[in-house]
Amino acid sequence: MSARVAVVIPCYEDGELLLDAVRSVREEEPVDVVVVDDGSQGEPTRRALEEAEAAGARVLRLERNQGVVEARMAGLATIEAPYVFPLDSDDVLVPGTLARMADRLDAAPEAVACFGDYLEFGGVRDNLRKVPERVDPFRVAYQNEFGAPLLRRSALEQLGGWAPGDGDPEDFGYEDWHVWMGIAERGWQGVHLGPGVVSYKRRLHGTRRLQSDRKRHARVYRRLRRLHPRLFGDLPAHRRRSELSAVRKLLYPLVYGRRPRFGFERSVRVWLDRRGLWTQR
């Protein structure tokens with residue numbers, strides 16, 4: 001039986017975290033697990049890669065470190081499954097989620113992605129991140145609220161994968177947001193697993209790349225605007241059609257958008273979410 005789903009896991013010096021990610025792929029159907037070693041040199045990671053391979057994962061080894069985008073693209077080039085899930089090596093899946101998401105996409109051929117809520121863990125307390133039920137281009141233009149989805153491979157390839165494709169050699173950092181913007185500006189839609197259904201768990205720790213991305217947010221966000229001129233050119237129409245409340249339509253460009261991001265913002269966001277003061281599906 002061929003796999004419906006492939007999971008792409010880039011790995012750079014991730015050691016035991018990689019094994020946690022690989023072991024979290026537990027389904028009652030075949031899954032093509034592709035680990036892309038992005039030039040790791042450390043012995044703990046080499047041992048983890050060998051264990052992952054012994055457990056049935058396919059391991060691709062890049063000769064030098066090229067970054068998450070190039071590692072994911074190398075994995076994507078080897079995949080034949082119709083659906084692809086990008087899993088960071090420091091995150092873990094919820095068992096059974098991949099089959100459930102693939103079933104939803106099988107039943108909705110017009111949808112290009114399936115997504116659910118996700119859980120942030122590894123901090124002081126776990127935090128459930130509530131994901132919007134529909135792809136709202138107005139919201140996508142200002143903030144990536146969707147996390148990692150199961151993607152229809154044909155649509156992902158049509159977008160050019162996670163690569164920005166503008167010839168800029170700088171590490172991108174917002175490759176998932178880039179894909180969501182591509183989906184939104186084409187008017188493509190996805191399907192949600194349902195309120196409170198957790199699709200994966202995102203680990204919070206000091207070395208996570210998203211922490212450093214905040215420091216260069218304004219510059220990378222300008223790049224996203226250049227890459228997606230149609231999305232931003234149609235913002236007035238997207239704003240009118242958005243189901244956000246009038247207050248949030250006013251606040252999104254101020255709270256998110258191109259302004260610099262600061263480290264304390266996650267704590268504020270979590271506090272607001274837990275009290276129901278900001279989250280709106």
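In this predicted model, the axes of helix α7, which spans residues 175-185, and helix α9, which spans residues 217-227, come within 11 Å of each other and cross at roughly 30°. With angles under 35 degrees counted as roughly parallel, α7 and α9 are therefore described as roughly parallel to each other. The protein to which these two helices belong has 13 helices and 11 strands, and buried residues make up 56% of its 281 residues.

**Helices α7 and α9**

- Where α7 passes α9, the crossing is right-handed, and the contact is made by W177, H178 and M181 on the α7 side, together with H217, Y221, L224 and L227 on the α9 side.
- Sorted by character, the residues in this contact of α7 with α9 comprise 5 nonpolar and 2 polar residues, with no charged residue among them.

**The surroundings of α7**

- Helix α7 is largely enclosed by the rest of the structure, because 11 of its 11 residues are buried.
- The buried residues of α7 include W177, H178 and M181, which also take part in the contact with α9, and they include E175, D176 and E185 as well.
- Just after α7 ends, G187 adopts a positive phi of about 75°.

**Helices α1 and α2**

- A second helix pair is formed by α1, covering residues 15-23, and α2, covering residues 43-54, whose axes come within 7 Å and cross at roughly 20°.
- Helices α1 and α2 are therefore also roughly parallel to each other, and their crossing is right-handed.
- In this pair, G15, L18, L19, V22 and R23 of α1 meet P44, T45, A48, L49, E51 and A52 of α2, and the residues of the contact divide into 7 nonpolar, 2 polar and 2 charged.

**The nonpolar core and the contacts across the chain**

- The largest nonpolar core has 79 residues, and within this core V7, I9, V35, F85 and I183 touch the most other members; of these, I183 is also listed among the buried residues of α7.
- Once its neighbours within four places in sequence are left aside, V35 is in contact with I9, C11, L18, V22, L49, A57, R58, V59 and L60, and among these partners L18, V22 and L49 also belong to the contact between α1 and α2.
- Across the protein, considering contacts with a separation of 6 or more, residues 24 or more positions apart account for 80% of them.

How values were computed. Residues numbered from 1 in each chain as written. Predicted model: local features only at pLDDT ≥ 70, side-chain atom pairs only at ≥ 80, totals over all residues. Heavy atoms only, no water. Axes fitted to C-alpha atoms, helices over the stretch in contact; angles between N-to-C directions. Helix = DSSP H or I, 4+ residues; strand = E, 2+ residues; numbered from the N terminus. Parallel < 35°, antiparallel > 145°, perpendicular 65-115°, else oblique. Left-handed = near helix turned anticlockwise from the far one by under 90°. Contact = heavy atoms within 4.5 Å. Nonpolar A, V, L, I, M, F, W, Y, C, P; charged D, E, K, R; others polar. Core = buried A, V, L, I, M, F, W, Y, C linked by side-chain atoms within 4.5 Å. Buried < 20%, exposed > 50% of the residue type's maximum accessible area, 1.4 Å probe, protein only.
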